[in-house]
Amino acid sequence: MKVNFNVLDRQYKKFQNEYEEKTLNILRKGWYVLGEEVDSFEKEFARYIGTKYSVGVANGLDALIMAFRALDVGKGDEVIVQANAYIACVMGITINGATPVFVEPDEYYNIDASKIEEKITNKTKAILVVHLYGQTSNMRQIKAIAQKHNLMVVEDCAQSHGSKFADQKSGTFSDIACFSFYPSKNLGAFGDGGAITTNNEKFASKIKVLRNYGSQKRYHNELVGYNSRLDELQAGLLKIKLSHLDDLNMEREMLANRYLKEITNEKISLPKVRKNATSVWHLFVIQTENRDELQEYLTSNEIGTVIHYPIPPHLSEAYQYLGFSENDFPITEAYANTIISLPLYNGMTDKEIQYVIDTINKY
Ligand SMILES: Cc1ncc(COP(=O)(O)O)c(C=O)c1O
């Protein structure tokens, strides 16, 4: 039996008629970039997350870039971020000219809040909280630190659409939260897409201006902006997916619970969920000592796996200029060498997950 790491057309087929009807509708309307579909998606997404505003943009990286720009975070400023973040999180900081200050992750793969304060300097402007793999970070502790030191908070919710901390959704805890709708995300589009959410009207309007060449009114440019618009097709299709998101997340939770209960191999460490937090299981990440050996074993049994992520940002070629070297972040580096993500996707069959469980238990 073959189990791919992800099979995106399964969730397309589940709502195929809805998607196809909407697509034809939009194609026939003759209006394709920023319009009624984007406006209504923004309203529905803000309502779902629980913020006053949402602004659709072209992708998650742009959402981060424009969020820091809207917060006036730039040259000379420091932003605290977890060292095991995805590289795009760090790029959102450095493209604005600011400096990332890395903090080790906790046992839930999120930022270790107890290690934030020691990294705060008089240059620190913000904390970027990445709800990695689908689980919300410890927002109570992070918010308290931010308040005490007068820092802004940005959330990266690219992997956490719908996850909660203390019954409150990720994307509502910060000055600006950033989302990606890359096709494999829990709320994935059929191409690139992204959004920000915020309760601050000023930030929402600034990002609306920034995403469209710095203009509110056509050909009247107030700022040097970007072309980072969401298109009508993605917005229309995202509205359909959003209406099913809670069910899709529940399906992922059921699959994750099977892994948690039925993987019994002692060589495998299973993911943990923090008290008060929920995960939407964007990824199911396990740890094992001989990770490459496990990956080869799974590949030889036709099970697809991915490492999220094999090279931490501080060791990547792109960030050599920051001057870090190996052993600077030992927890992060140990994770990078021992983690591996198992297949978990909407539409995964009972037979497929059983095969993955049995194969891992035989390892
Ligand atoms: C945590 C995180 N942040 C940011 C991004 C960037 O999003 P995008 O690929 O839409 O630019 C991604 C996804 O790729 C991500 O996983």
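Here is a short tour of the structure, from the ligand outwards to the sheet and two odd spots in the backbone.

Before you click, know that this is a predicted model, where local features need pLDDT of at least 70, side-chain atom pairs count only at pLDDT 80 or more, and totals for chains, interfaces and linings use all residues. Residues are numbered from 1 along each chain as its sequence is written, and side-chain values use heavy atoms, with hydrogens and water left out.

**Stop 1: the ligand.** Select the ligand and the residues near it (one heavy atom within 4 Å). You should get 13 residues, the closest being Gly60, Asp156, Gln159, Ser180 and Lys185. Colour that shell by class and you'll see seven nonpolar, four polar and two charged residues. In this scheme Ala, Val, Leu, Ile, Met, Phe, Trp, Tyr, Cys and Pro count as nonpolar, Asp, Glu, Lys and Arg as charged, and the others, Gly among them, as polar.

Now show the N and O atoms. A ligand nitrogen is 2.6 Å from a side-chain N or O atom of Asp156. A ligand oxygen is 2.7 Å from a side-chain N or O atom of Ser180, and for the side chain of Lys185 the distance from a ligand oxygen to an N or O atom is 3.0 Å. Taken alone, the ligand exposes 380 Å², and the protein buries 89% of that (accessible areas by Shrake-Rupley with a 1.4 Å probe). Helices H4 (60-70) and H5 (87-94) are the elements giving two or more residues to the shell. Helices (H or I, at least four residues) and strands (E, at least two) are DSSP runs numbered from the N terminus.

**Stop 2: the sheet.** Switch to cartoon and find the open, mixed sheet of seven strands, ordered S1-S9-S8-S5-S4-S2-S3. Strands pair here if DSSP finds at least two bridges between them. The edges are S1 (53-57) and S3 (99-103), each pairing on one side only. Zoom in on S2 (78-82) and S3, which run parallel over five bridges; there, Val79 has Pro100 in S3 as its bridge partner.

**Stop 3: helices on the sheet.** Pick H5 again: this helix lies across S2, S3, S4 (124-130) and S5 (152-156), where contact means heavy atoms within 4.5 Å. Then take H6 (139-148), which lies across S4 and S5.

**Stop 4: backbone oddities.** Jump to the His308-Tyr309 peptide bond, which is cis with omega near 15°. Tyr309 sits in the loop between H9 (291-300) and H10 (330-338). Finish at Ala166, a non-glycine with a positive phi of about 50°, in the loop between S6 (164-165) and S7 (168-169).

How values were computed: Polar contact = N/O pair within 3.5 Å; in protein donor to acceptor, adjacent residues only side chain to side chain. Axes fitted to C-alpha atoms, helices over the stretch in contact; angles between N-to-C directions.
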